[in-house]
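Colleague: Thanks for sitting down with me over this one. I would like to hear the reasoning behind the labels you use, so may I put some questions to you?

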2 protein chains.
Amino acid sequence: MSKEYLSKILQRSADASRGLVMDMIAAAKSGHLGTALGLAEIGAALWGNLLHYHPTEPRWLQRDRLVLSAGHASAWLYAWLHLAGFDVTLGDLRSFRQKDSKTPGHPEFGLTPGVECSTGPLGQGIGNAVGLAVSAKKMAAEFDTSSCGIFDHKVVCICGDGCMQEGVSSEACSLAGLWELSNLILIYDANGVTLDGPLGHSQNEDVIKRFEAYGFEVQEIDGHNISAIIRVYHQAAQSTRKPQLIVAHTTIGCGIAAIEGSSKAHGESGIAYAGELRPQLGLQKDEFSVPQAVGDFFKKHRQRQMEIYDQWQIRFEAWERDFPERAKALKILVSRKKSPIPLDMKDMLPMACEATRNASARVLQYVAKEDDSLIAGSADLFSSCKNRIEGSEDFSAQNPLGRNLSFGVREHAMGSILNGIAYDGFFRPIGSTFLVFSDYMRPAIRMAAMAHLPVIYIFTHDSVLVGQDGPTHQPVEQLASLRCIPNLDVLRPADTEETMGAWRAALERRDGPTALILSRQDLPLLESIPDRLRRQGVRQGAYVAKRESTNLREIILASGSELQHALEVGKQHADLRVVSMPCMERFERLTREEKEKILPPSCRRRIALEAACAQPWYRYVGPEGQVLSVDTFGFSASADELQKHFGLTATHLEDILQKNHLEVL
Amino acid sequence: MSKEYLSKILQRSADASRGLVMDMIAAAKSGHLGTALGLAEIGAALWGNLLHYHPTEPRWLQRDRLVLSAGHASAWLYAWLHLAGFDVTLGDLRSFRQKDSKTPGHPEFGLTPGVECSTGPLGQGIGNAVGLAVSAKKMAAEFDTSSCGIFDHKVVCICGDGCMQEGVSSEACSLAGLWELSNLILIYDANGVTLDGPLGHSQNEDVIKRFEAYGFEVQEIDGHNISAIIRVYHQAAQSTRKPQLIVAHTTIGCGIAAIEGSSKAHGESGIAYAGELRPQLGLQKDEFSVPQAVGDFFKKHRQRQMEIYDQWQIRFEAWERDFPERAKALKILVSRKKSPIPLDMKDMLPMACEATRNASARVLQYVAKEDDSLIAGSADLFSSCKNRIEGSEDFSAQNPLGRNLSFGVREHAMGSILNGIAYDGFFRPIGSTFLVFSDYMRPAIRMAAMAHLPVIYIFTHDSVLVGQDGPTHQPVEQLASLRCIPNLDVLRPADTEETMGAWRAALERRDGPTALILSRQDLPLLESIPDRLRRQGVRQGAYVAKRESTNLREIILASGSELQHALEVGKQHADLRVVSMPCMERFERLTREEKEKILPPSCRRRIALEAACAQPWYRYVGPEGQVLSVDTFGFSASADELQKHFGLTATHLEDILQKNHLEVL
């Protein structure tokens, strides 16, 4: 195929994608037209020439990963997936943005073949791409040999002005520079327009200089010039040390003269020109049609892709033969079935009165030895959150085998990079910070929950009882606000045994993230409860920690550091039941019968005790119940003083009980 | 005073501050020693020479604002406030980090004279400083005249490696460059060490180049060289166009050989060397003592400060005399009593069936005309959130009078910059984004609530009913997670009248932030409820929207777009009460009697209806009540389909009621 013909057919494909994009958005009467049109030539170059993919084996190990960080341009992605031969039919394009379609408003991981990440909230995709690139570097380091490389795919990320403005992208790109992720190619769709108007209203920074400062190599091109795109991509793909930024200047809404280059092009207003676009681009008038030549070209292109795939397959089989140990290890990683957690960790772990963050550290060391897919990161708090994997170094360009990721004080990038690693599916990422700073990474936690990623968060320093650092460092509302994220499990264990149970629960979970909420301060070992009960109990979310010995009169519910006080009071009252409730989400997954065994509906006298805001507990105690909680910000003082001030003590609980009893008498 | 003597006495003062810092942290057995020691010379240069301040009039209009973004170095700030003569006594230093002290673990606004902002969560202070600089530019533009300038103070911000790594600082500094905030001086305490170890583990970016890319002018110095600090500060202070960054290389823990330069210096471990520090620095052995010469120097320095103050005062009085109109306007801004909201906005506003975001837009235009302290910003969503103040331009270097702030897609910087403006206290800031993206700015919202800042947030597109954009853009858990932030009022009005009430509630509130949660879609005007009741009802958080006409059998609670369905069902049942509950926080501030009038405890049959997660409602309906809510992520579909899927309809509510009635029979 001549270079000339290639340019011509790719331009024709670009225009064909414009037609499809317009058809989709016009049919849905909703969607983001401008970026999807502006990216047409970039799409043609990528899907028609540059990317390596396998349409019917969309998770092929060696595929290039394409992340559309500018997720609002989903129509663009679907159009190209269709043209490239993925299982995204014209019918799917017709049902763009409709209920139960494969083509929702923003790309959703797991729903559409070829969609690598769920995107939409701006900037997240850049973090995801950095995570995918980390994963790729690690895979190459683990499995490539000097004689045979099997992992050398690229991670390509399409991002817009909005992605570049979000702080999470600054954090993530600084790390990409530090880690020398030469396999990362960011394509910046620099269309110079945001929703509210010209970019100049909100930005005049020198983006190229900024990215060079991070350690990127930067090239600048006309994003509508297909041969330029191909040329700079090839150059970027040669990189051995620096991550790559391609600044592609494009015209938003390119193809519709009336709106192109203006913020009006962003949304769906351009569909007023739907009738004009196809004839102007020389396309058939029929909606959802593709020119024959374009269809033929992509058919041939798929054959070329198959040849590349076959060549890799041969290489891969030779590798499997020559390095059977590695091949076996790879199979285990790929099957994702490895979480060899022994049923009883007790023998390995001396039981102790200790902070649950310390208990967690010991469990982690143990399981990290058994399961080498686990990798651990921290936002500069390894030393406080205690989740560094011992015996392994920091991940770095020099040492990609390192299992620890030092994210610096960049919680948000940590969250989105962990997601990227989890999307790739080989490694199981763990990330840590103080509970109060989970707020900084909340948008990434939400995406992990939505995309069913099995990320594990270690959030320590879990209540006002962190003490003298004061209210900025004392979590109050974070437990409640994490508990209301759908599909996130929040576990707050009460002692070492419960911490082991919490870790098991986290490791066993594969369809969503888990947050382990751990104490800074020492907690007693709750030996009045059988070990097995504590460990198993955590996994079902709640269990009876102390059963009444006469008629049940009152139930106290507690979690974490407060369970000890509930138990102390429970000892004094035969008619009292104490329920440990480390995880509300798991409790809610029990059957009604199982739940009622723990919380009999007949007993409505209930008190909940937790050093955090009350909101989640009313579900279990109701308006007539009581919640001993922390509903204002804390203050700088000793843990003891804070505990007394907020009434988080056995004495206070006992007083409440006595008062209740008097009221009844 | 000779230059030589000045250098010498400032160095002695620096060492004196080291002594005090060590004494405080040793007495508290807690605190962050390393940075507080490393900043000693910078402190001496600032407080002993460069800054303009008035110790007994700490809110002097023309003072330089110093923000300690690295809030963990609070001991440093308190030591210097003491030496500079602020009302921070040696006794206060002795009670560092103790309950009820003026010297808490991290600086708290309103608690300590001379503390401009509450800081601690890293990066926030940089955003605050940008906000203070915006406020200063606006004040100068509003009040300075060509013949007489009264506002030309500087905003100085001390930040560390952690602040620089956080994405919020990237966002905020890009805006500082855009807005040419020449009055902003960032002093970067580049000590090359973070909590987990050498900075190189998490960063190798070229910070200078990065800041030049934002549009900063950058100077680099030895942060222990006092004359160098003074020299570059003076140079920075000359800036007319570019914000300034001073990269000050310091040694963390400087003064304690055993730990300096290492991450061990960060926390309190250095207090093991407390006994050695004072003699090594040539200080008296007595803890909490200050060398006579240093005390004398600062006494004289206060006199010099008073002279500067007096000169300004003379200038100010002349200005007052010459420009009485401006002086009057300034008095109003300073007194912060201006919120001239007419009791009845109705005449100005045609009532309509409209989206509450549109109703809000109309109210805003009206009140913005009456109250020129209001300024409005958006994270690139003015066009969707509809909160641009009409008839005014964007704030910019060329037009500092502009009342609209285009933040770009930078929610987090928006939040922290709004806080900075509110800390300054002249302007009342409003900021907008989609409700789902409030997550991006959550750490800043928390700080606004903690510091009692009267910021107003406009969060639109308030439920899954935004429709086809899909789950990434559909808020589910955000309402609950905002409601659990202490001291934040969350208001979700149901129609235009309630929206007016919500705005009044927000404008009247002075001791904390308010979030207005507004619909994208049109909502009917709820004319079955008297206008006054809707408007007043919002301000008390909840009210009886439809009263039962026979014995009360059941209560339906609802907010926002769901209230219409509750009312529709309510019409059919004489024994049903409908309660509109747009603001739980305001409801909780009512007396018990007031609350029970709205929600009689005798009636336990209650159903809550809201297109958001159920968590906050159990407080009002209890375990035996029902919440019709949205507790999973949504999906990309039409609003109608989503409404049906989640049962957010009158029909579904009626079915539930019928079922309940059957169960009782």
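Colleague: Let me begin with a single residue: what makes B:Pro601 buried or exposed?

Modeller: This is a predicted model, so each label rests on computed geometry. B:Pro601 has 10 C-beta neighbours inside 10 Å, and a residue with 12 or fewer is called exposed. B:Pro601 therefore counts as exposed. Its place is the loop between helix H23 (592–598) and strand E19 (606–609) of chain B. From B:Thr103 it is 498 residues away in sequence and 44 Å away in space, C-alpha to C-alpha.

Colleague: And why does B:Ser561 get the label it has, buried or exposed?

Modeller: B:Ser561 has 29 C-beta neighbours inside 10 Å. The cut-off for buried is 20 or more, so B:Ser561 counts as buried. This serine also sits in a loop, between strand E17 (554–558) and helix H21 (563–571) of chain B. Leaving out residues up to four places away in sequence, B:Ser561 touches B:Ser463, B:Leu465, B:Ser519, B:Gln521, B:Leu523 and B:Ala611. Its C-alpha atom is 8.8 Å from that of B:Asp522, with the two positions 39 residues apart along the chain.

Colleague: Over to chain A, then. What makes A:Asp100 and A:His452 worth a look in terms of phi?

Modeller: A:Asp100 has a positive phi of about 60 degrees although it is not a glycine. A:His452, also a residue other than glycine, has a positive phi near 60 degrees. A:Asp100 belongs to the loop between helix H5 (90–94) and helix H6 (124–143) of chain A, while A:His452 is in the loop between H17 and strand E12 (456–460) of chain A.

Colleague: How do you know which of the labels exposed and partly exposed belongs to A:Asp100, and which to A:His452?

Modeller: By counting again. A:Asp100 has 11 other C-beta atoms within 10 Å; exposed takes 12 or fewer, so A:Asp100 is exposed. A:His452 has 16 C-beta neighbours inside 10 Å. That value falls between the limits of 12 or fewer for exposed and 20 or more for buried, so A:His452 counts as partly exposed.

Colleague: What about strand E3 (residues 184–190) of chain A: why is it called largely enclosed?

Modeller: Seven of the seven residues of E3 in chain A are buried, so the strand is largely enclosed by the rest of the structure. A:Leu184, A:Leu186, A:Tyr188 and A:Ala190 point one way, A:Ile185, A:Ile187 and A:Asp189 point the other way, and all are buried.

Colleague: Which strands pair with E3(A), and in what sense?

Modeller: Strand E2 (residues 155–160) of chain A pairs with E3(A) in the parallel sense over six bridges; here A:Cys157 stands opposite A:Leu186. Strand E7 (residues 244–249) of chain A also pairs with E3(A) in the parallel sense, over six bridges, and in that pairing A:Ala190 stands opposite A:His249.

Colleague: Zooming out, how do you know that the radius of gyration of chain A agrees with a compact globule?

Modeller: For 665 residues, a compact globule would have a radius of gyration near 26 Å; chain A has 28 Å, so the value agrees. The C-alpha trace spans about 90 × 60 × 45 Å along its principal axes. Buried residues account for 61% of the 665 in chain A, and its secondary structure comes to 26 helices and 20 strands. The average pLDDT of chain A is 95, with 97% of the residues scoring at least 70.

Colleague: What makes the two copies related as by a two-fold rotation axis?

Modeller: A turn of 180 degrees and a shift of 0.0 Å along the axis lay chain A on chain B with an RMSD of 0.0 Å. The copies are thus related as by a two-fold rotation axis.

Colleague: And why do you say that the copies meet through the same surface?

Modeller: Because 100% of the interface residues of chain A are also interface residues in chain B, the copies meet through the same surface. In numbers, 86 residues of chain A are in contact with 86 residues of chain B. H8(A) gives the most to the side of chain A that touches chain B, with seven residues. For the complex, the predictor gives an ipTM of 0.97 and a pTM of 0.98.

Key. Residues are numbered from 1 along each chain as its sequence is written. Chains are lettered from A and ligands numbered from 1 in the order in which they are written. This is a predicted model: local features need pLDDT of at least 70, side-chain atom pairs count only at pLDDT 80 or more; totals for chains, interfaces and linings use all residues. Helices (H or I, at least four residues) and strands (E, at least two) are DSSP runs, numbered from the N terminus. Two residues are in contact if their C-beta atoms, placed from the backbone, lie within 7 Å. The radius of gyration is taken over C-alpha atoms; the globule rule is 2.2 Å times the number of residues to the power 0.38. pLDDT is the predictor's confidence in each residue, from 0 to 100. Copies are superposed by least squares on the C-alpha atoms of residues with pLDDT of at least 70 in both. Two strands pair if DSSP finds at least two bridges between them.
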